[in-house]
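Biologist: I would love a close look at one part of this model, with the contacts spelled out. Could you walk me through it once the structure is up?

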Amino acid sequence: MTSEFMGPPWQADWTKEAENNRNALPKETRALVDAARAELVTAEDPYFRGIDADRDLPAGMSVEPVQSTRPSGEHVLYFDHGRGWLRYHFVPRTTDPQIVIDECYWQ
């Protein structure tokens, strides 16, 4: 462990429900979820703060806070042009920052 704030790639963890939902998806869709997760864990700022901060995401992906009044709260990463999403929050601890994915959904 280091005393300095760590940067990407971030650690990521799934809640059991989110992981089960991901595992139940078809193989092609799981690949889309994995690509979305990869974008999330390699982002400089997992909250994508600022104007057009998510412009570097691939086509069909975007990020927004669940509540606009809580910019450091839960966020949603949409993928597959909005057909699916990962709801997550970021725990910016100094020694072990991580992303926790609370929900995985695809329609």
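How many aromatic pairs does a search of the whole structure find, and what surrounds the pair formed by Trp10 and Phe90?

Modeller: Happy to! Please keep in mind that this is a predicted model. Searching the whole structure turns up four aromatic pairs. In the one you ask about, Trp10 and Phe90 meet edge-to-face, with 4.9 Å centre to centre and 70° between the planes. Trp10 sits in the segment before strand 1 (11-14), while Phe90 belongs to strand 4 (residues 84-91), so this pair ties together parts that are 80 residues apart in sequence. Trp10 and Phe90 are both buried. Tyr47 joins them, and Trp10, Tyr47 and Phe90 make up one aromatic cluster.

Now to the strands around this pair. Strand 1 and strand 5 (residues 98-106) run parallel and are joined by four bridges. Gln11 has Gln98 of strand 5 opposite. Strand 4, the strand of Phe90, is joined to strand 5 by eight bridges, and these two run antiparallel. Here Gln98 appears again, as the bridge partner of Val91. Strand 5 thus has bridges to strand 1 and to strand 4.

Strand 4 also takes part in charged contacts. The whole structure holds six salt bridges according to the search. One of them pairs Arg87 with Glu74, where the closest N and O atoms are 3.5 Å apart. This contact links distant parts of the chain, with Arg87 in strand 4 and Glu74 in the loop between strand 2 (62-65) and strand 3 (75-79), 13 residues apart. Arg87 forms another salt bridge with Glu103, at 3.2 Å from N to O. That pair links distant parts of the chain too: Arg87 is in strand 4 and Glu103 in strand 5, 16 residues apart. Glu74, Arg87 and Glu103 are therefore linked in a network of salt bridges, as each contact lies within the 4 Å cut-off.

As for accessibility, Arg87 has a value of 25% and counts as partly exposed. Glu103 is partly exposed at 25%, and Glu74 is partly exposed at 28%. Trp10 and Phe90, by contrast, are buried.

One further salt bridge is worth a glance: Arg83 and Asp80 meet through their side chains at 3.6 Å, N to O. Arg83 is partly exposed, with 40% relative accessible area.

How values were computed. Residues numbered from 1 in each chain as written. Heavy atoms only, no water. Phe/Tyr/Trp six-rings, centres within 6.5 Å; stacked < 30°, edge-to-face > 60°. Buried < 20%, exposed > 50% of the residue type's maximum accessible area, 1.4 Å probe, protein only. Pairing = 2+ DSSP bridges.
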